[in-house]
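Morning, everyone. Let me put the model on the screen and walk you through its domains, cores and open spaces.

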Amino acid sequence: MITVDRLRADPNALAEHYSRFRVAERTLLTGHSHQAWPDVALRGQIEAFEDAARAVDAKWELALARADEVRAAFRGWLGDPGAEIALGANTHELVVRFLSSIDLPHRPRLVTTGGEFHSIRRQLGRLAEEGVEVAWLDPEPVETLAARLGEAIDGRTAAVLVSAVLFETSRIVPGLTDLAAVCSWRGVELLVDAYHALGAVPMSVPEDGLDSAWVVGGGYKYLQLGEGNCFLRLPPHALGARPVITGWYAEFGELADEKDHGPVPYAAGAARFAGATYDPTCHYRASHVARFFTDHRLDPALLRRISLHQNELLARLFDDLDAPTELVDRDRDAPRSAFGGFLALRSPQAARLCRELATRGVSTDNRGDYLRLGPAPYLSDYQLETAIATLGDIVHSWDHSHGAE
């Protein structure tokens, strides 16, 4: 049985299952962005090819069965077994379909934060250029963010869009239960971006009071599903929605006669938010990875324990460096339990630190002034210790040489 202690060891007990990504040989602190895929993922990709070669156009019945497995996996991660789930290649296309379903013509105002990922940030910025009013709230202080979003709602507001975990700082946004209640009372749609929650922070739509909310996310990061595996969870009141931007899959089961010029038909449930013809390889890969997680009992509770241990270790090791705060520092105002799956270090030299670490074999990334260190379940404590020691060597060499730019 996989335990946190077995995953702390060197080599990590899971590492042998990720031989293609060579996780035992490389320090991949990119777990918040692109986690390694277990070796079984390759089996799924090969099966996708073999099904296409054998069944040709009849492959779609097989492919759609894999898509159903992916939906079931997302329902499990959301703690919402009855959820209506639409699938998409990325969260952007799903957010666009969501936006095309709400009453922007009569309520042309959206409320969001300055801490949203680019899929939302860029699209809403562009809509603002076309006349949609967008209220951007400062994500700090995060403790009051949900309440401030609720207070920003007025009679012209169609929707509120907010992350469950902020992608730059890793802070968990508290108070979403109360925000959902306010939105429901005001007749405003709430979209929660759960991408940085699933697989790092346990989530239960019913227990979190988010039944009336839309939830968007995907498996490219902590769930190790790779590209093409994103979802939109529909609230019950949206099952009759008529999104403007969808594909022809959105009328499966309701195909109209080509000569019928009546209202555009929609399939039932979440299928009304479907796109069109796609590459099903992603769902074959994801189905195998989902089974791998089940076989190794990598459930939300265990993954949270692993994540907290690794992030607490990274934070403690960083503090022990006693690095000059003007070069690099972290948020110490909250315990690590208030954060998601990565450690965010603030530095005016974040991009340079990222490059220097890469030259020394430590893979990280940066967003603005934040260097992001993302551990993963297949990394050992020794690998994390080595990564922070390498960071310390870099920072102290800069400090001693006055080389910070």
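One convention before the pockets: Ala, Val, Leu, Ile, Met, Phe, Trp, Tyr, Cys and Pro count as nonpolar, Asp, Glu, Lys and Arg as charged, and the others, Gly among them, as polar. Now the ground rules. This is a predicted model, where local features need pLDDT of at least 70, side-chain atom pairs count only at pLDDT 80 or more, and totals for chains, interfaces and linings use all residues. Residues are numbered from 1 along each chain as its sequence is written, and side-chain values use heavy atoms, with hydrogens and water left out.

Pockets, then. On a 1 Å grid over the protein atoms alone, a pocket is an open set of points with protein on both sides within 12 Å along at least five of seven lines; a cavity is a set where a 1.4 Å probe fits but cannot get out; lining residues have an atom within 4 Å of a point. Points are joined across faces, edges and corners, and a volume is the space filled by probe spheres set on them.

The largest pocket holds about 520 Å³ of space. It has 27 lining residues, and Arg71, Leu87, Tyr249, Ala274 and Tyr278 are the closest to its centre. The lining counts 15 nonpolar, 5 polar and 7 charged residues. Helix H3 (59–78), strand S2 (84–88), helix H4 (91–99) and helix H8 (281–295) each put in at least two residues. Helices (H or I, at least four residues) and strands (E, at least two) are DSSP runs, numbered from the N terminus.

The second largest pocket holds about 340 Å³. Of its 22 lining residues, Thr91, Phe117, Tyr195, Tyr220 and Lys221 are closest to the centre. Here the lining splits into 7 nonpolar, 10 polar and 5 charged.

Next, the domains. The chain divides into domain 1 (4–30 + 299–403) and domain 2 (41–294), with bounds from an automatic or database domain assignment. Their C-alpha centres are 29 Å apart. In contact terms (heavy atoms within 4.5 Å), 23 residues of domain 1 meet 20 residues of domain 2.

What lies between them? A core, for one: both domains give residues to the largest nonpolar core, so this core lies between them. It has 96 residues, and Val160, Leu179, Leu190, Leu371 and Leu391 have the most contacts inside it. A nonpolar core is a set of buried Ala, Val, Leu, Ile, Met, Phe, Trp, Tyr and Cys residues joined through side-chain atoms within 4.5 Å. Buried means under 20% relative accessible area, exposed over 50%, partly exposed in between (1.4 Å probe, protein chains only). Helix H9 (residues 300–321) gives the most to this core, 9 residues. A second, separate core has 26 residues, including Leu110, Leu191, Tyr195 and Trp214.

There is a cavity too. The whole structure has 1 cavity of 30 Å³ or more. Its volume is about 90 Å³. Both domains contribute to the lining, so the cavity lies between them. Among the lining residues are Gln35, Tyr222, Gln310 and Pro375. The lining has 7 nonpolar, 5 polar and no charged residues.

Last, one residue: Leu234, in strand S8 (residues 230–234). Is Leu234 buried or exposed? Buried, with a relative accessible area of 2%. Beyond neighbours within four places in sequence, Leu234 is in contact with Glu84, Ala86, Trp214, Leu239, Gly269, Ala270 and Phe273.
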